[in-house]
Amino acid sequence: MIPQVLRLALPGLANVWQLLLKEVALASLVGLEDLMRSARVASGSTREPFTFYFSTLIIFWLIALKSGFWFERAEKWANKGVRRAA
Amino acid sequence: MDVDLYWESLIRLFGFKQDGFGDWVFTGQGLIVVFETVFLSLAIGFVLALGIAFMRVSKNIVLRGFGTFYVSLFRGTPLLIQMFLIYYGLGQFEFVRESWAWTFLKDAYFCAILGLSLNTAAYGGEIIRGGLQSVPFGQIEAAKSLGMSRSKIFRRITFPIAMRQALPGYGNEIVLMVSATSIASTITIMDLTGVAGKIGAETFDKISPLLAAATLYLIINIILTQLVKRLEHRLSGHLRRAEISKTAVQTPILAR
């Protein structure tokens, strides 16, 4: 069953993963010591908010791009037994 | 959970407050801020989204590349960071602080609307692109065979069909935008979340005002969802079976 379920569920899972990745930044508001929190602390003490927030942005973006790439590969793998028209 | 504080918070969230003399004054905070922010950023975001959607379906590789880059960047990173970067980040540079743009960029309200607009442009752009690409080629072919010009085909055929297709997705985006305005409270905007936080700080009871704010967000979103649903219903008349008029005499169905 799992191979058949995974094939259909992977695109949705990729979506949820992306959303969750971005929601994690919100957790810093309630005190989770994550990337965003560190960036806030660092930009507060160095007075260079752009440097740190921009780095955080790039890191989040790279994670999103990289995981998107892996999900694409996973989808290809899950779909390898499926015959496609043309 | 303090029920009295809950009701009091609701009144404050609507923007009313008793001053020192016991008179009710309108503070201009809370609900009205949410409406303003959502309306302005959706309006600006929609125009930008149209631009992004056209770039994404453009044949020009530079435009298409920029569209893809923009969407990937704004959808791949948290809105919170985008907003912090605009509000706190840009002030780091001397030349930004000395330029004419600083008059706007030092204003938290402007930054919130800018951040939300840029963000919703990316999501909306993808929704509209999906709509544009879903227009059946036969429709465009038929319009061509009638001798319509390219701009007329776009105005009368492609655009209306694309918008109808994009509507459910866009409705979803509107609801997300209402929820996203709460992030604006982190850059000192006094929206529902901001006011609720303030009441929480004053009374040391965080849960009651936040529950009141949540109630209002929920009600706004339920109303908006219903409005979009109605609009969808109105715009999909051609897809439904003809309704039998109530005044017309109904003939009994003899054979099925």
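Me: How many helices and strands are there in chain B?
Reply: In this predicted model, the order of elements along chain B reads α-β-β-α-α-α-α-α-α-α-α-α-α. One helix precedes the pair of strands, and helices make up the rest of the pattern. The count for chain B is 11 helices and two strands.

Me: Is chain B a compact globule or more spread out?
Reply: The C-alpha atoms of chain B occupy a box of roughly 70 × 60 × 30 Å along the principal axes. For 256 residues the globule rule gives 18 Å, whereas the radius of gyration of chain B is 24 Å. Because this value is well over that of the rule, chain B is more spread out.

Me: What percentage of the contacts in chain B with a separation of 6 or more comes from residues 24 or more positions apart?
Reply: Burial and contact separation describe chain B in two ways. Of its 256 residues, 30% count as buried. Among contacts with a separation of 6 or more, the share from residues 24 or more positions apart is 71%.

Me: What radius of gyration does chain A have?
Reply: Chain A contains three helices and zero strands, in the order α-α-α. Its C-alpha trace spans about 60 × 25 × 15 Å along the principal axes. A compact globule of 86 residues would have a value near 12 Å, but the radius of gyration of chain A is 18 Å.

Me: Among contacts in chain A between residues at least 6 apart in sequence, what percentage joins residues at least 24 apart?
Reply: Of the 86 residues of chain A, 14% count as buried. For contacts in chain A between residues at least 6 apart in sequence, the share that joins residues at least 24 apart is 48%.

Me: Which element gives the most residues to the side of chain A that touches chain B?
Reply: The contact draws 17 residues from chain A and 14 residues from chain B. On the side of chain A, the elements that give two or more residues are α1 (2-27), α2 and α3. The residues on this side divide into 13 nonpolar, two polar and two charged. With 10 residues, the element that gives the most is α3(A).

Me: Where is A:Arg47 placed, and is this residue buried or exposed?
Reply: A:Arg47 is not a glycine, yet it has a positive phi of about 60°. Its place is in the loop between α2 (35-46) and α3 (49-78) of chain A. Because only 12 or fewer neighbours qualify a residue for this class, and A:Arg47 has 9 other C-beta atoms within 10 Å, A:Arg47 is exposed.

Me: Where is B:Phe204 placed, and how many C-beta neighbours does it have inside 10 Å?
Reply: B:Phe204, a residue other than glycine, has a positive phi near 60°. It is placed in the loop between α10 (192-203) and α11 (207-235) of chain B. B:Phe204 counts as exposed because its number of C-beta neighbours inside 10 Å is 6.

Me: How far apart are the end C-alpha atoms of helix α7 of chain B?
Reply: Helix α7(B) covers residues 108-133, and 20 of its 26 residues are buried. At 1.5 Å a residue, the helix should span 38 Å. In agreement with that expectation, its end C-alpha atoms are separated by 37 Å.

Me: Is α9(B) roughly parallel or antiparallel to α11(B)?
Reply: The axes of α9 (residues 150-180) of chain B and α11(B) come within 10 Å and cross at roughly 170°. The contact divides into 11 nonpolar, four polar and two charged residues. Among the participants are B:Leu167 and B:Ile174 in α9(B), and B:Leu224 and B:Val228 in α11(B). Angles over 145 degrees fall in one class, so α9(B) is, relative to α11(B), roughly antiparallel.

Me: Is B:Val178 partly exposed or buried?
Reply: B:Val178 lies in helix α9 of chain B. Leaving out residues up to four places away in sequence, B:Val178 touches B:Val34, B:Val38, B:Tyr217, B:Ile220, B:Asn221 and B:Leu224. A residue needs 20 or more C-beta neighbours to be buried. Because B:Val178 has 19 other C-beta atoms within 10 Å, B:Val178 is partly exposed.

Me: What is the C-alpha to C-alpha distance between B:Val178 and B:Phe110?
Reply: In sequence, B:Val178 and B:Phe110 are 68 residues apart. In space, C-alpha to C-alpha, they are separated by 17 Å.

Notes: Residues numbered from 1 in each chain as written. Chains lettered and ligands numbered in written order. Predicted model: local features only at pLDDT ≥ 70, side-chain atom pairs only at ≥ 80, totals over all residues. Helix = DSSP H or I, 4+ residues; strand = E, 2+ residues; numbered from the N terminus. Rg over C-alpha atoms; globule rule 2.2 N^0.38 Å. Contact = placed C-beta atoms within 7 Å. Nonpolar A, V, L, I, M, F, W, Y, C, P; charged D, E, K, R; others polar. Expected span 1.5 Å × (residues − 1). Axes fitted to C-alpha atoms, helices over the stretch in contact; angles between N-to-C directions. Parallel < 35°, antiparallel > 145°, perpendicular 65-115°, else oblique.
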